[in-house]
Amino acid sequence: MSQDSASYDLLVIGAGPAGYVAAIRAAQLGMKTACVEKEVTLGGTCLNVGCIPSKALLESSEHYARALHGLEAHGVMVSEVKLDLERMMSRKATIVKQLCSGIEFLFKKNKVTWLRGSARLRSAGEVEIRNGEERQLVRASKLLIATGSVPQTLAALPIDQETIVDSTGALSFETVPPRLVVVGAGVIGLELGSVWARLGSKVTVLEAMPKILGNVDSEIARHAQRILKKQGLDIRTQAKVESVELRDGVALLAYQDAKSLRQELEAEKVLVAIGRRPYVDGLGVKELGITLDERARIVVDSNYQTSLPNVFAVGDVIAGPMLAHKAEAEGVACVERMAGIAASVNLGAIPYVAYTSPEVAGVGESEDELQARGQPFRKSTAAFVANGRAKAIAATDGVLKLLADPESDRILGCHIVGAHAGDLIAEVVVAMEFGGTVEDLGRTCHAHPSLSEVIKEAAHALHGHGLS
Ligand code: NAI
């Protein structure tokens, strides 16, 4: 085994949004930093097979769907709309490639060493890196685990990436499947289900729970479900998948419906999107006695230090929502704390966005969560249909909900289904970070006509002086 003559101040394991941002920030703070990555490109799941390629396909497929059905009302008549799937996929690949090389450039610029291979912890300060037959031993004063997560699997639905695929497979179908069954009505299922439905697949979504979108506020999730159904997604809740059989490349899926009756479905493709699990396979954390919680996540303290001194962890491998922006914020906070900067991440103000059409976004607690913990709250809603800009852009189907503390007027949560919800939510995130109130939102001048006026309207409504 060769030994890297260099010894580092910090060795980051994983070059996803948590790892690459942490490595760059650490180098900027003067640490001699290296980052280990086993894949051939930097960027992790988010850039290579997650957030970025899915958003590229969501955008392209929406253009296609609009050209087919959405332009007549504007007086724009289009004929002979054709789909060039190969070109759509190659646009996606170009975007991914550009962003991945962007990180490589930033590594060079900030003098972060990229070590290629799979890392295995030998001790708190020593990591073995395997790249094919090559093995290398690297020493570092501090280690930061940022190995992310991988799709959960179901024994009844073995992934073959041909007929039964995970999110990675569903980003690269070569043709539009006539029928697609999506298992799991979470963010991935609804985003990728939307992509293929817009491109012409008959999409059926099977969700085990009574509602879609996991922990998203129930009222907002119900609105989203109604809108997505109108777009042709056949969403079936309380559906428990039992088995799948492959016959001549077609999947025959059996599930139990809400009335416990056995149902069958056929599809050319099945996407399994039932959540993700922390990825520490082969990393040696268990062997070193690093404490994991009941969901196999690495337990960390307020400095992101694991139970082993000088070994830290951030992102999807630790507790909290599995979101790229949360991971990135933790990566920065962790290395800044190493450098003596009092950085922290407020898990109470992490926005979520599902990039369906319209988008679903929110921040803070849902009404369900407030009710469950017996927290008194005031609530208001504002509909997009009353907003001038929403009318002008033909995006009136949507609603925004504000939740506030009745005593202090502090914002407890905001949940939106509506056009550009993912951008609108940023205003409420900032307000919450500053400990803002609903009155602050209402008295802030919002441009007219803009969708952001829906926030102002909900703020006024909460105080009983909305315009409607
Ligand atoms: P998810 O946790 O969002 O949703 C999984 C869904 O599958 C849940 O509704 C669950 O009830 C359902 N489910 C579980 N087992 C099932 C079964 N046997 N049969 C039917 N339904 C079943 O997970 P998802 O969509 O796979 O996403 C994984 C992670 O990636 C999430 O943490 C998500 O936040 C993140 N992500 C975020 C995106 C964004 O921010 N826009 C985009 C894509 C993923």
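**Exercise 1.** How many residues has helix α1, and what distance does α1 reach from its first C-alpha to its last?

*Solution.* The structure is a predicted model, in which local features need pLDDT of at least 70, side-chain atom pairs count only at pLDDT 80 or more, and totals for chains, interfaces and linings use all residues. Residues are numbered from 1 along each chain as its sequence is written, and side-chain values use heavy atoms, with hydrogens and water left out.

Step 1. Helix α1 covers residues 17-28 and has 12 residues; helices are DSSP runs (H or I, at least four residues) and strands likewise (E, at least two), numbered from the N terminus.

Step 2. The reach of α1 is 17 Å, close to the 16 Å expected at 1.5 Å a residue; the expected span is 1.5 Å times one less than the number of residues.

Step 3. In α1, 10 of the 12 residues are buried (under 20% relative accessible area, exposed being over 50% and partly exposed in between; 1.4 Å probe, protein chains only). Among them are Tyr20, Val21 and Ile24.

**Exercise 2.** Determine how strand β10 pairs with β9 and β11.

*Solution.* Step 1. β9 (residues 179-183) and β10 pair in the parallel sense over 5 bridges; pairing requires at least two DSSP bridges between two strands. Val183 has Leu206 of β10 as its bridge partner.

Step 2. β10 and β11 (residues 234-236) run parallel, joined by 3 bridges. Here Val205 stands opposite Ile235 in β11.

Step 3. Of the 5 residues in β10 (residues 202-206), 4 are buried.
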